Amino acid sequence: LLSQPEVVKPQDHLYLFIYLYRNPIARDAAFSWLTLNWDYILKTVGEKTVDNYARYIANAVRTEEEAARYHEFFAPKKDDPAMTRAVEIGEKEIKAQLELIKLDKEAVYQELDRLME
């Protein structure tokens, strides 16, 4: 559906994609779709808002594997002036999120265990 502009309007495309990416079940398929259809995204949303994809995806990255996929796909796009800042900020945000998860992980598990008693 993401490739059908008569179904998903260009102004709604980013938000539908991000909702899919934030869904743990659809996350891998959504990112795979993005990498295979990047040219379609560029054509559909244009250079003025394409950086939003890098920003919003970075906000939802939660694992080292996702971070590696993000970096592998978006790092080469830093050559594009429209993407440079968004990707650099995304990489910093991902690093900070992963550090926070690592720091708080054990405390969160302990609290969940306590709540489940």
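Here are four short exercises on this predicted model, each with a worked solution.

Residues are numbered from 1 along each chain as its sequence is written, and side-chain values use heavy atoms, without hydrogens or water. Because the model is predicted, local features need pLDDT of at least 70 and side-chain atom pairs count only at pLDDT 80 or more, while totals for chains, interfaces and linings use all residues.

**Exercise 1. Find which residues Arg 27 and Asp 28 pair with in salt bridges.**

Step 1: Start with the rule. A salt bridge is a side-chain nitrogen of Lys or Arg within 4 Å of a carboxyl oxygen of Asp or Glu. The whole structure has four of them.

Step 2: Look at Arg 27. Its side chain meets that of Glu 66, with 3.3 Å from N to O. This pair links distant parts of the chain, 39 residues apart: Arg 27 sits in helix H2 (residues 27–36) and Glu 66 in helix H5 (residues 64–74). Helices here are DSSP runs (H or I, at least four residues), numbered from the N terminus.

Step 3: Look at Asp 28. Its side chain forms a salt bridge with Arg 69, at 2.9 Å from N to O. Asp 28 is in helix H2 and Arg 69 in helix H5, so this pair ties together parts 41 residues apart in sequence.

Step 4: Check the surroundings. Buried means under 20% relative accessible area, exposed over 50%, and partly exposed in between (1.4 Å probe, protein chains only). Arg 27 is buried at 11%, and Glu 66 is buried at 11%. Asp 28 is partly exposed at 47%, and Arg 69 is partly exposed at 24%.

**Exercise 2. Work out how far apart Arg 114 and Glu 111 are, in space and along the helix.**

Step 1: In space, the closest N and O atoms of this salt bridge are 2.4 Å apart.

Step 2: Along helix H6, the two are three residues apart, which means a separation of about one helical turn.

Step 3: For accessibility, Arg 114 is partly exposed at 48%, and Glu 111 is partly exposed at 36%.

**Exercise 3. Decide what surrounds Asp 51.**

Step 1: Place the residue. Asp 51 lies in helix H4 (residues 51–60).

Step 2: Look for a charged partner. Asp 51 is buried and has no salt bridge; Arg 55, the nearest side chain of opposite charge, is 4.5 Å away. In this count, Lys and Arg are positive and Asp and Glu negative, with His and the chain ends not counted.

Step 3: List its contacts (heavy atoms within 4.5 Å). Leaving aside neighbours within four places in sequence, Asp 51 touches Ala 82, Met 83 and Ala 86.

**Exercise 4. Describe how the rings of Tyr 21 and Phe 31, and of Trp 38 and Phe 73, are arranged.**

Step 1: Learn the rule. Rings of Phe, Tyr and Trp (its six-membered ring) pair if their centres lie within 6.5 Å; planes under 30 degrees apart are stacked, over 60 edge-to-face, and the rest tilted. The structure holds 12 aromatic pairs.

Step 2: Tyr 21 and Phe 31 have ring centres 6.1 Å apart and planes at 50 degrees, so this pair is tilted. Tyr 21 is buried at 0%, and Phe 31 is buried at 5%.

Step 3: Trp 38 and Phe 73 form an edge-to-face pair, with 5.4 Å between centres and 80 degrees between planes.

Step 4: Put the pairs in context. Ring pairs link a cluster of residues, including Tyr 21, Phe 31, Trp 38 and Phe 73.
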